[in-house]
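Work through the following exercises with the sequence and the model open beside you. Try each task on your own before you read its solution.

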Amino acid sequence: MRKVRHVMGISGGKDSGALAIYLFEKYPHLDIEYYFTDTGKELQETYDLIRNIETHTGKKVIRIEAAEKSHEDPFDHFLKLYGGYLPSSNARWCTKKLKLEPFEDWVGDDLVVSYVGIRGDEDREGYISRKGNIQSIFPFRKNIWSEDVISKVLKNSNIENLITWYNDHISVQKLSRTQEVVNELISSRYTIKDKLNDLLDIDIQAFNKVVFEFLKTTEYPLAYEGDFALLDNEDNLVREDIFNILKDSGVGVPKYYEKVEFEVNGLKGEYARSRSGCFFCFYQQKIEWIWLYEQHRELFDKALEYEKDGYTWMQDESLEDIVKPERMTQIKELQIKKLQKNNQNKKSAYLLDLLDDSEGEGCASCFI
Ligand code: SF4
């Protein structure tokens, strides 16, 4: 039987940090290789988090770097190859070249189970590797399986197999309801998501065992494993749980998430950074650029140096323009309004809890 590697990428964000701790504590027998793909432009807080995780788990986090032989940082190396063309959400060469490709090179053709920290309160799959020898698992969600697995296991032509597998794994009391759900055909009125949720509502562990039976008929990496520890996983962890894992373990929450107070025209507001990744990441919101300017001026100045030959980090304005006094005031006032609108009855040390729209965009490799 081919050996299967279990790996987990730590981005420097709260969710992957918490997942590393969670897996280490809940599934100590899983031999997980923790890794970090370094763009060379990460925040210091990311390195601090990785060091703390290494101390907590006693395991080394493997550093992977694109263009290892280059004398430049990975990002600068590729920026030169792209002729100074700054990446953007529409041309995200950075994630591909600096995160996904080095990871895929590192695993090569090995069979790999890759654990991803997307939470139970998020409705997204993330930007993850689609190579056939890499299978993603999402331990923080009720549905730990990836979209591609679910679409295959629940397709209408598989109903007979599902009935057979369920017969072996569901209790007598739940059998008739399960058969009813399994026999219902997927259609525009009864979507795959509806079916998935109905089956999870009946019995998560039984569903996982049935998916595992299905995997044995495929070439997915888990087909080569005799058993899988996470089949018993029924957790559904949300943002608050993530912060608690980081705090309770002593690893700590990366400092950039902590809100900082500012004042504008006599009004008080708060800002913070909502994600890990490169300090100049184009996914950051305008208020986060202001945070960078006022809280990490040296990093802002470095980001500014990249804006030349008509290339800018934001599509609609340059960094030079965004920090003009009247524009900064405008952005801060908008932030205060947004906070007032979202703030009712919410008390939290983290802006992310108050501004629910500040994460979600981007990729699993950089931000989770
Ligand atoms: S953090 Fe942002 S800039 Fe850096 S690699 Fe990821 S998407 Fe690109």
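The exercises below concern a predicted model, and each is followed by a worked solution.

**Exercise 1. The open sheet**

Task: Find the order of the strands in the open sheet of five strands, and explain which strands stand at the edges.

Solution: Begin with the order, which reads 3-2-1-4-5, with parallel pairing. Next look at the two ends of that order, where strand 3 (62-65) and strand 5 (134-137) each have a single partner strand, so that one side of each is left without a neighbour in the sheet. From one strand to the next, the twist averages 35°. Finally, take one pair in detail: strand 4 (residues 111-115) and strand 5 run parallel and are joined by four bridges, and within this pair valine 113 has glutamine 135 of strand 5 as its bridge partner.

**Exercise 2. Two helices that cross**

Task: Describe how helix 3 (residues 74-81) and helix 4 (residues 93-107) are placed relative to each other.

Solution: Start from the axes, which come within 10 Å and cross at roughly 135°. Angles over 145 degrees would count as roughly antiparallel and those from 65 to 115 as roughly perpendicular, and the two helices are therefore oblique to each other. The crossing in which helix 3 passes helix 4 is right-handed. The contact is made by Pro74, Phe75 and Phe78 on the side of helix 3, and by Trp93, Cys94, Lys97 and Leu98 on the side of helix 4. Sorted by class, this contact has six nonpolar residues, no polar residues and one charged residue. As a last step, relate helix 4 to the sheet: helix 4 lies across strand 1 (4-9), strand 2 (32-38), strand 3, strand 4 and strand 5, and runs at about 140° to strand 2.

**Exercise 3. A hairpin**

Task: Examine the hairpin of strand 6 and strand 7, and say which residue between the strands takes a positive phi.

Solution: First establish the pairing, in which strand 6 (residues 260-264) and strand 7 (residues 267-271) run antiparallel and are joined by five bridges. Glutamate 261 stands opposite glutamate 270 in strand 7. Then turn to the two residues between the strands, where asparagine 265 takes a positive phi near 45°.

**Exercise 4. Domains in contact**

Task: List the assigned domains, and describe how domain 1 meets domain 3.

Solution: The domain assignment gives domain 1 (4-142 + 235-249), domain 2 (151-214) and domain 3 (258-355). The C-alpha centres of domain 1 and domain 3 lie 25 Å apart, and 17 residues of domain 1 are in contact with 17 residues of domain 3. On the side of domain 1 that touches domain 3, the residues divide into six nonpolar, eight polar and three charged.

Key: Residues are numbered from 1 along each chain as its sequence is written. This is a predicted model: local features need pLDDT of at least 70, side-chain atom pairs count only at pLDDT 80 or more; totals for chains, interfaces and linings use all residues. Axes are lines fitted to C-alpha atoms, for helices over the stretch in contact, and angles run from 0 to 180 degrees between N-to-C directions. Angles under 35 degrees count as roughly parallel, over 145 as roughly antiparallel, 65 to 115 as roughly perpendicular and the rest as oblique. A crossing is left-handed if the near helix is turned anticlockwise from the far one by less than a right angle, and right-handed if clockwise. Two residues are in contact if their C-beta atoms, placed from the backbone, lie within 7 Å. Ala, Val, Leu, Ile, Met, Phe, Trp, Tyr, Cys and Pro count as nonpolar, Asp, Glu, Lys and Arg as charged, and the others, Gly among them, as polar. Domain bounds come from an automatic or database domain assignment. Two strands pair if DSSP finds at least two bridges between them.
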